[in-house]
Amino acid sequence: MRKKDFFFFFILPFTGVLFLFFILSAVNRSFIKAKVEDVVGEQLSASARILKVHITRLLEEGYPPDTVLRSYEEEENIYFIALLNGRKEILDWVSRFEGYLPFSERSAAGRDTQIIESPIGKIFTVFTSFSTKAGALYHLYLGYSLENLEDMLAYSRRNFLYLLAAMAVVGLIFFRGVFEIHRHYLAKAEEAVAEKKEKERFKEISGFTAGVAHEIKNPLNSLGLLCQLLQNKAPAELSEEVRLGQGEVQKISRIIDQFSEMITPLSMRKDVCRIAEIIADIQAMLAAESQARGVPIEYIPTRPLVLLADKMLLTQAVHNVVKNSLEATAAGSVVIRAESHRKKISIAVSDSGTGISEEDLPRIFEPFFSTKSTGMGIGLYVAKKIIEAHDGAIEVKSGQGRGTTFLIELPGGVS
Amino acid sequence: MALAALLRPALAQQAGHFYNIDKEIKIEGTIQEIRLEPRYENTARFLIIHLQQKNTSQKFNVEVSPAWFFSQDIHKGETMKVVGSVYTKGDGPQNIIAREIQYLGKTYAVRDKQGFPNWRGGPGGLQKRRRGKGA
């Protein structure tokens, strides 16, 4: 998998969604915060107006400023309160913090309300004027705690972070899944393209080989007949040489037949087959060779196994595998086990031979690959071709000096 | 002179006795006297330094912080720079509520730029109201 794919199909969508969520949430939170601040500002301004009415009444009743302000000392949400005269000189003030009255004539001149930052959080300030019935002008300067608003915003910020973390985890899982699916399908697509190319190449080679085989076979048949005639008419001292020549012609003919067989597309006629019968046929076919080598072919039956397959082709496939195992075994035995799992039948062919080296193992099913001096290397290739034509699979497990096991798996089991 | 020995009666408060950022000044002077005085209701005594400005010889009473907060050992005759908010009380010397003190090459912040006390949450706590009285 290329780095580009990882970036475009995992990193980019994942970070993109997170970034989008972050931006949307930030905009949303900013909007809510501004709205809440407006609402709180309106509420506090309304409270200040009520306070102003109350203070006006107390001043009109003749209470001095310090007595008036003292009545608000217990108000938890008021951080500071100051009463100013018409010349904006502070008459009295109360604060929760020593000497802390963030009043500035410069800043007070511009706005009636504002939010100021402080180490104890945001403070909403109100600067408002009023007159008593006697015509005296006063100003009231108030600082309200926005502690609750801060708490609410902190709660919102915390929830946002939790949500972002949850989104990150879910996104990570989701986009990882999407990426894996993409990777899987990409691999499949690449495989299919490679397979198609291989099939096309094989078709070309098959056509060419079939043509060559046909062109060779005709003169070879004539040569075979000529050898036959020569055999009949040759003097006794040349009889042996002619027989050898005829044998070589027959050998070439067999090779060409095998080539033709290998490249011909399989045509199957599926029928109900009994595994025990197929194995018995193979045992009979290889009986002479088995006996000659002193390597018995043992079949360990489990229960009667039946499947839908082309009996002749399946026999040929299993025969090729068993023959390969037999030829690789100098001593011991070749054991065939067959069993079923649901509708899948598996046939394991194990030998006690020398095993296949690690470098040869991946090439074992390639056509014309053989480690034997006498073999053409098409037996296992044909076996694989037949099994795959039955939608089955064949695999091999081996190690040098540990013997070899071929495992054939076939669908179409009949219960 | 040790700070702990300098206890004096409380000074009267004024309405203008708050940190007014419009009236912030910076002075450099010599320490004339060191006192501990009550300044705000329900708080510990404050460290008050009498400072004589170097170039004008004008005298200032500098309100630093609660004595427990400013724990540096300071001495008469030493030079000190103060940034703070000035307010006048009667005909006496000018008063300064200090925000920043520079003493023996070190800078000590006792309030933030809005005048918020940096000793918040310490002895005395934040629960009680502090008030300035009318003149």
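The exercises below, each with a worked solution, concern a predicted model of a complex with chains A and B.

Residues are numbered from 1 along each chain as its sequence is written, and chains are lettered from A, with ligands numbered from 1, in the order in which they are written. In this predicted model, local features need a pLDDT of at least 70 and side-chain atom pairs count only at pLDDT 80 or more, while totals for chains, interfaces and linings use all residues.

**Exercise 1. Find how confident the predictor is in the complex and in chain B.**

Step 1. For the complex, the predictor gives an ipTM of 0.73 and a pTM of 0.51.

Step 2. The pLDDT is the predictor's confidence in each residue, from 0 to 100; chain B averages 79, and 78% of the residues score at least 70.

Step 3. Over residues 1-13 of chain B the pLDDT is below 50, and this stretch has 22 contacts in the model beyond near neighbours in sequence, where two residues are in contact if their C-beta atoms, placed from the backbone, lie within 7 Å. Residues 124-129 of chain B also stay under 50, and for them the model has 12 contacts beyond four places in sequence.

**Exercise 2. Describe the long helix α1 of chain A, and check its length.**

Step 1. Helices (H or I, at least four residues) and strands (E, at least two) are DSSP runs, numbered from the N terminus; α1 of chain A covers residues 3-60.

Step 2. The expected span of a helix is 1.5 Å times one less than its number of residues. For the 58 residues of α1(A) this should be 86 Å, which agrees with the 81 Å between its end C-alpha atoms.

Step 3. At Ile11(A), shortly before the proline Pro13(A), α1(A) has a kink of about 30 degrees, the bend at a residue being the angle between axes fitted to the seven residues ending there and the seven starting there.

Step 4. A residue is buried if 20 or more other C-beta atoms lie within 10 Å of its own, exposed if 12 or fewer, and partly exposed in between, with C-beta atoms placed from the backbone. The buried residues of α1(A) are Leu44(A), Ala48(A), Ile55(A) and Leu59(A), and what covers them includes α2 (65-70), β4 (123-131) and β5 (137-145) of chain A.

Step 5. After α1(A) comes Gly62(A), whose phi is positive, near 95 degrees.

**Exercise 3. Decide whether helix α4 of chain A lies largely in the open or is largely buried.**

Step 1. Helix α4(A), residues 147-233, has 87 residues and reaches 123 Å from its first C-alpha to its last, close to the 129 Å expected at 1.5 Å a residue.

Step 2. The buried residues of α4(A) are Leu149(A), Phe175(A) and Cys227(A), and their cover includes α1 and α5 (239-263) of chain A.

Step 3. Of the 87 residues of α4(A), the number buried is 3, so the helix lies largely in the open.

**Exercise 4. Work out how the strands of chain B are arranged from β1 to β3.**

Step 1. Chain B has 0 helices and 7 strands, and buried residues make up 33% of its 135 residues.

Step 2. Two strands pair if DSSP finds at least two bridges between them. β1(B) and β2(B), the latter being residues 46-53, pair in the antiparallel sense over 8 bridges, and Thr30(B) stands opposite Gln52(B) in β2(B).

Step 3. β2(B) also pairs with β3(B), residues 59-66, in the antiparallel sense over 6 bridges, and the bridge partner of His50(B) in β3(B) is Asn61(B).

Step 4. β2(B) and β3(B) form a hairpin with 5 residues between them, and in the turn Ser57(B) has a positive phi of about 65 degrees.

**Exercise 5. Locate Ile21(B) and describe its surroundings, then turn to where the two chains touch.**

Step 1. Ile21(B) has its place in the segment before β1 (24-37) of chain B. With 17 other C-beta atoms within 10 Å, Ile21(B) is partly exposed.

Step 2. Not counting residues up to four places away in sequence, Ile21(B) touches Ser104(A), Ser85(B), Gln114(B) and Gly115(B). Ile21(B) and Gln114(B) are 93 residues apart in sequence, yet 6.5 Å apart in space, C-alpha to C-alpha.

Step 3. In total, 23 residues of chain B are in contact with 22 residues of chain A. The largest share of the side of chain B that touches chain A, 3 residues, comes from strand β7 (residues 130-132) of chain B.
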